[in-house]
Each structure stands twice: as C-alpha cells, then as structure tokens.
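Subject: Model handover

Hello,

Here is the structure we talked about. Please open it alongside this note, and then read on for what turned up.

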Amino acid sequence: LTLNQMFRMIANLSASILTASDISGGLLIVLSILNDFLLPYYKAPVWVSWIYSINPFQYAVKALIINEFNRLKIDCTGGNAIPYGPSYDVQEYRVCAIAGAEPGSSSVSGNQFLEATFGYKASDLGTTVM
C-alpha cells in the first residue's frame, strides 16, 4: 500500500509516463538494495542512512526476520562448538561459535542471535508491523 502511494506520487509529479517509469524503476532498485538484508544499516555509507527510516522494504524484511527467528533454537553441536573433537565432551569448557552464544550453553535462541548479529529485538516486531 505504501509503495502504491509512492508510485502514484511519482506519476503525478512527472511530466510523462516514461519519466515516471524511469524514476520508479531506479527508486525500486535503491529501496531493494537498502532494505537491511543486502546492505545492513551499520555497513551503509552515512549519506544513505536516512533512507532506512523511510524504506517500507526495510520494515517488511525486519518483521519477517524477527518472525522467523523468534522461536528458533540453534544447537551448538558438531563443528559449531569449539573445541571440537571426540575427546572434548564436557560442555562447560566448550564455547559455541554462533553469534549470541553464552559460554557453557549448548544452544542459542533466535532472539540472542538476532540481537548479536543485526541488533534486532523481538519487541521491535510491533513497531515494524504498524
């Protein structure tokens, strides 16, 4: 709905349909790249950081990621635990190599992973959906 209104505004401000199509296509590419999935906010140049706050794709992707990882439990088994090998069987001396893990734990919750990786919190879901 937001993109529909944005494209209508561009069409009303443009002199011809060709100009509106060119502007809309370019804007759609920029918004797709700056949706916090391809180019995270913390890696973006300072001069484009304001686009993240007006980008409807960014809010949609953030809501989808939070929804998918919210109830996820990532196990630190096999190569995800350091040190790894047959003689390392005491969990309290092992560390999980996944972002957000705490020493001695054998799993990482999806919320811990999101907070450590992207800075997203489960409480952000309500603000991104509205």
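The largest nonpolar core has 10 residues: Leu-3, Met-6, Ile-10, Ala-20, Leu-31, Leu-34, Ala-44, Val-48, Ile-51 and Tyr-52. Bear in mind that this is a predicted model. Three elements give two or more residues to this core: helix H1 (2-13), helix H2 (17-33) and helix H3 (51-54). H1 has the largest share, with three residues. A separate core lies apart from this one. That second core has six residues, including Cys-76, Cys-96, Ile-98 and Phe-113. In soluble globular proteins, nonpolar side chains tend to be buried together.

Leu-34 is a good place to start looking. Leaving aside neighbours within four places in sequence, Leu-34 is in contact with Leu-39, Val-48, Ile-51, Tyr-52, Asn-55 and Gln-58. Val-48, Ile-51 and Tyr-52 are listed in the largest core along with Leu-34.

Next, Asn-55. Its place is the loop between H3 and H4. Is Asn-55 buried or exposed? Asn-55 has a relative accessible area of 0%, so it counts as buried, the cut-off being under 20%. Where does its side chain go? The side chain of Asn-55 reaches the backbone oxygen of Leu-31 at 3.0 Å. A polar atom of that side chain also lies 3.0 Å from the backbone nitrogen of Phe-57. Not counting residues up to four places away in sequence, Asn-55 touches Leu-31, Leu-34 and Asn-35. Leu-31 and Leu-34 both belong to the largest core.

Ser-24 is another polar residue to check. Ser-24 lies in helix H2. Its relative accessibility is 14%, and Ser-24 therefore counts as buried, under the 20% limit. The side chain of Ser-24 reaches the backbone oxygen of Ala-20 at 2.8 Å. Beyond four places in sequence, Ser-24 is in contact with Phe-7 and Ile-10. Ala-20 and Ile-10 are both members of the largest core.

Now the pocket. The largest pocket has a volume of about 160 Å³. Its lining is made up of Asp-36, Tyr-41, Tyr-42, Ser-49, Tyr-52, Ser-53, Gln-58, Tyr-59, Lys-62, Phe-118 and Tyr-120. Six of these lining residues are nonpolar, three are polar and two are charged. H3 and helix H4 (56-69) each supply at least two residues of the lining. H4 gives the most, with three residues. Tyr-52 is part of the pocket lining and also part of the largest core. Gln-58 lines the pocket and is in contact with Leu-34.

Last, Gln-112. Gln-112 lies in helix H5 (residues 110-117). Its relative accessible area is 29%, so Gln-112 is partly exposed, between the 20% and 50% limits. Which residues does Gln-112 contact beyond its neighbours within four places in sequence? They are Gly-100 and Glu-102. With Glu-102 there is a polar contact of 3.4 Å between the side chains. Trp-50 is elsewhere: Gln-112 and Trp-50 are 27 Å apart in space, C-alpha to C-alpha, and 62 residues apart in sequence.

To look at this on screen, I suggest the following order:

- Leu-34 with its contacts, including Val-48 and Tyr-52.
- Asn-55 and the backbone oxygen of Leu-31.
- Ser-24 and the backbone oxygen of Ala-20.
- The pocket lining, including Tyr-59 and Lys-62.
- The side chains of Gln-112 and Glu-102.

Best regards

Definitions and conventions
Residues are numbered from 1 along each chain as its sequence is written. This is a predicted model: local features need pLDDT of at least 70, side-chain atom pairs count only at pLDDT 80 or more; totals for chains, interfaces and linings use all residues. Side-chain values use heavy atoms; hydrogens and water are left out. A nonpolar core is a set of buried Ala, Val, Leu, Ile, Met, Phe, Trp, Tyr and Cys residues joined through side-chain atoms within 4.5 Å. Buried means under 20% relative accessible area, exposed over 50%, partly exposed in between (1.4 Å probe, protein chains only). Helices (H or I, at least four residues) and strands (E, at least two) are DSSP runs, numbered from the N terminus. Contact means heavy atoms within 4.5 Å. On a 1 Å grid over the protein atoms alone, a cavity is a set of points where a 1.4 Å probe fits but cannot get out, and a pocket is an open set with protein on both sides within 12 Å along at least five of seven lines; lining residues have an atom within 4 Å of a point. Grid points are joined across faces, edges and corners, and a volume is the space filled by probe spheres set on the points. Ala, Val, Leu, Ile, Met, Phe, Trp, Tyr, Cys and Pro count as nonpolar, Asp, Glu, Lys and Arg as charged, and the others, Gly among them, as polar. A polar contact is a pair of N or O atoms within 3.5 Å; within protein, one must be able to donate a hydrogen and the other to accept it, and residues adjacent in sequence count only if both atoms are side-chain atoms.
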